[in-house]
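Dear colleague,

I am handing over the structure below, and I would be grateful if you could look through it before reading on. My notes on what was found in it follow after it.

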Amino acid sequence: MKLFLLAAFGVTTMLAGCDSAVEKISADLAGKPVTIVMAPGYEIANNGKAAKVFGTEICPDEEPAMTILAGPARYTDSQGCLVITPTTRTLNARVFIDGQLTDERWSVERSGKLATLVYLKRPDGSPVISYSDFLKSERTFKNM
């Protein structure tokens with residue numbers, strides 16, 4: 001089963017406002033291994049700035065349920081996706097920072113009852129955070 005994350009690093013974030021659809025997909029996915037796919041150019045936070053990331057794998061077909069909810073994936077069969085299977089322990093990422101492409105090897109950590117929560121760490125130990133989530137957290141802290 002494949003799951004495309006196009007704009008956020010979580011299904012519930014991406015599908016906010018689609019409660020019945022989220023409930024159905026959550027029930028369908030409960031306890032099943034899921035492959036996470038980050039599309040080429042996904043933006044992560046790097047020292048407070050946006051950095052685009054690219055993978056080295058061919059982008060797989062999207063899951064039909066996600067196509068209904070989020071529309072068709074634009075990257076199917078193109079090169080450059082980051083693909084995290086249920087058994088992936090490390091991941092080769094290409095990070096575009098300040099005009100330079102840097103190769104990094106990220107570690108994949110899992111937690112939760114069925115190891116369904118996935119955390120990515122960069123070589124320096126910092127977590128991989130989507131740039132949009134970083135901006136949201138910055139706004140939250142400023143409003144406190």
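**Strand β3 and its hairpin**

Strand β3, which spans residues 42-46, is mostly covered, since 4 of its 5 residues are buried; buried here means under 20% relative accessible area, exposed means over 50%, and partly exposed lies in between, with a 1.4 Å probe and protein chains only. Please keep in mind that this is a predicted model, in which local features need pLDDT of at least 70 and side-chain atom pairs count only at pLDDT 80 or more, while totals for chains, interfaces and linings use all residues. Residues are numbered from 1 along each chain as its sequence is written, and side-chain values use heavy atoms, with hydrogens and water left out.

β3 pairs with strand β4 (residues 49-54) in the antiparallel sense, over 5 bridges; two strands count as paired if DSSP finds at least two bridges between them. Within this pairing, I44 stands opposite A51 of β4, and A45 has A50 as its bridge partner in β4. The hairpin of β3 and β4 has 2 residues between the strands, and N47 takes a positive phi near 50 degrees there.

**The sheet**

β3 and β4 belong to an open sheet of 5 strands, in the order β3-β4-β7-β8-β9, with antiparallel pairing. β3 and β9 (117-121) stand at the edges, each with a single partner strand, so one side of each is left without a neighbour in the sheet. Neighbouring strands of this sheet are turned against each other by 40 degrees on average, direction ignored, where the axes are lines fitted to C-alpha atoms (for helices over the stretch in contact) and angles run from 0 to 180 degrees between N-to-C directions. As general background, strands of a sheet pair through backbone hydrogen bonds, either parallel or antiparallel.

Going inward from β3, β4 and β7 run antiparallel and are joined by 3 bridges, and F54 has R94 as its bridge partner in β7. Strand β7 (residues 90-97) then pairs in the antiparallel sense with strand β8 (residues 100-111), over 8 bridges, and I97 stands opposite Q100 in β8.

**Helix α4 against the hairpin**

The structure holds 1 aromatic pair. Y131 and F134 form this pair, which is stacked, with 6.0 Å centre to centre and 25 degrees between the planes; for this purpose, rings of Phe, Tyr and Trp (its six-membered ring) pair if their centres lie within 6.5 Å, and planes under 30 degrees apart count as stacked, those over 60 as edge-to-face and the rest as tilted. Y131 and F134 both lie in helix α4 (residues 131-142), 3 residues apart, which is about one turn of the helix.

Y131 is buried, with a relative accessible area of 18%, and F134 is buried as well. Not counting residues up to four places away in sequence, Y131 touches E43, I44, A45, G48, K49 and A50, where contact means heavy atoms within 4.5 Å. Y131 and N46 are 85 residues apart along the chain, yet their C-alpha atoms are separated by 8.1 Å. Further along helix α4 is E138, which is partly exposed, with a relative accessible area of 33%. The C-alpha atoms of E138 and G48 are separated by 9.4 Å, although their positions lie 90 residues apart along the chain.

**A threonine in a loop**

T88 has its place in the loop between β6 (79-84) and β7, and at 11% relative accessibility T88 counts as buried. The side chain of T88 makes a polar contact with the side chain of T85, at 2.8 Å; a polar contact is a pair of N or O atoms within 3.5 Å, of which, within protein, one must be able to donate a hydrogen and the other to accept it, and residues adjacent in sequence count only if both atoms are side-chain atoms. Leaving out residues up to four places away in sequence, T88 touches V83, V108 and R110.

**The chain overall**

The chain has 4 helices and 9 strands, these being DSSP runs numbered from the N terminus, with helices (H or I) of at least four residues and strands (E) of at least two. Of its 144 residues, 34% count as buried. Among contacts in the chain between residues at least 6 apart in sequence, 54% join residues at least 24 apart.

With best regards
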